[in-house]
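Visitor: Can you walk me through this one? Keep it quick, please.

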Amino acid sequence: MKITVNTLYWKNNNPIVHEMHSKVMKHFDIPVSYTVENIHHGVWMDSILNTVDSDIYVFFDGDCVPLNRKAYEEAIMHCANGYLVGNAHVTNCIKAKHDLFCGAAFLAISKPYYERIK
């Protein structure tokens with residue numbers, strides 16, 4: 001099973017955040033592909049999902065890391081079984097204040113699941 005882990009950094013982000021993120025991911029032996037570009041998260045994620053060959057895609061914000069490797073492995077396992085895994089968000093700036101969605105801070109999705117919902 002091919003797994004790709006991706007993190008986006010904007011060019012004006014504090015470099016210490018990238019350095020610390022990289023150290024945590026190396027500690028947990030999670031290889032990450034870093035993109036340094038000023039691009040909207042959704043556009044970047046769609047680009048990864050549509051151009052990178054993988055079975056499971058994992059996205060971490062630059063300031064979001066797993067607290068242990070098991071959390072990462074469980075996300076992969078659930079995706080392999082056909083689920084979307086992510087941290088729950090609610091947008092408070094629009095009328096739908098109670099609608100939950102998986103935010104881009106941490107998101108794991110399988111290619112077949114993405115193909116079904118796009």
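Guide: One term to begin with. Buried means under 20% relative accessible area, exposed means over 50%, and partly exposed is in between, with a 1.4 Å probe and protein chains only.

Visitor: And what kind of model is it?
Guide: This is a predicted model, where local features need pLDDT of at least 70, side-chain atom pairs count only at pLDDT 80 or more, and totals for chains, interfaces and linings use all residues. Residues are numbered from 1 along each chain as its sequence is written, and side-chain values use heavy atoms, with hydrogens and water left out.

Visitor: How many helices and strands does the protein have?
Guide: Four helices and five strands. Helices (H or I, at least four residues) and strands (E, at least two) are DSSP runs, numbered from the N terminus. Along the sequence the pattern reads β-α-β-α-β-α-β-β-α.

Visitor: How are the strands ordered in the sheet?
Guide: The order is β2-β1-β3-β5-β4, in an open sheet with mixed pairing. Two strands pair if DSSP finds at least two bridges between them.

Visitor: Which strands stand at the edges?
Guide: β2 and β4 (85-90). Each has a single partner strand, so one side of each is left without a neighbour in the sheet. From one strand to the next, the twist averages 25 degrees. Axes here are lines fitted to C-alpha atoms, for helices over the stretch in contact, and angles run from 0 to 180 degrees between N-to-C directions.

Visitor: In what sense do β4 and β5 pair?
Guide: Antiparallel, over five bridges, with β5 covering residues 100-110. Ala88 has Cys102 in β5 as its bridge partner.

Visitor: What does helix α1 touch?
Guide: Helix α1 (residues 15-27) packs on the sheet and touches β1, β2 and β3. Its direction makes about 165 degrees with that of β1. Contact means heavy atoms within 4.5 Å. Helix α3 (residues 69-80) lies across β1, β3, β4 and β5, at about 140 degrees to β3.

Visitor: New topic. How many aromatic pairs are there?
Guide: Three, from a search of the whole structure. Rings of Phe, Tyr and Trp (its six-membered ring) pair if their centres lie within 6.5 Å; planes under 30 degrees apart count as stacked, over 60 as edge-to-face and the rest as tilted.

Visitor: Why is the pair of Tyr9 and Tyr34 called tilted?
Guide: The ring planes of Tyr9 and Tyr34 are at 40 degrees, so the pair is tilted. Their centres are 5.9 Å apart. Tyr9 is in strand β1 and Tyr34 in strand β2, 25 residues apart.

Visitor: Is Tyr34 buried, exposed or partly exposed?
Guide: Tyr34 is partly exposed, because its relative accessible area is 26%. Tyr9, at 4%, is buried.

Visitor: And why are Trp44 and Phe59 edge-to-face?
Guide: The planes of Trp44 and Phe59 are at 75 degrees, so that pair is edge-to-face. Trp44 is in helix α2 and Phe59 in strand β3. Trp44 and Phe59 are both buried.

Visitor: What does Leu49 touch?
Guide: Tyr57, Phe59, Ile109, Lys111 and Tyr114, not counting residues up to four places away in sequence. Leu49 lies in helix α2 (residues 41-51). Leu49 is buried, with a relative accessible area of 5%.

Visitor: How many disulfides does the search find?
Guide: Zero. A disulfide is a pair of cysteine sulfur atoms within 2.5 Å. Cys79 is buried, at 1% relative accessible area.
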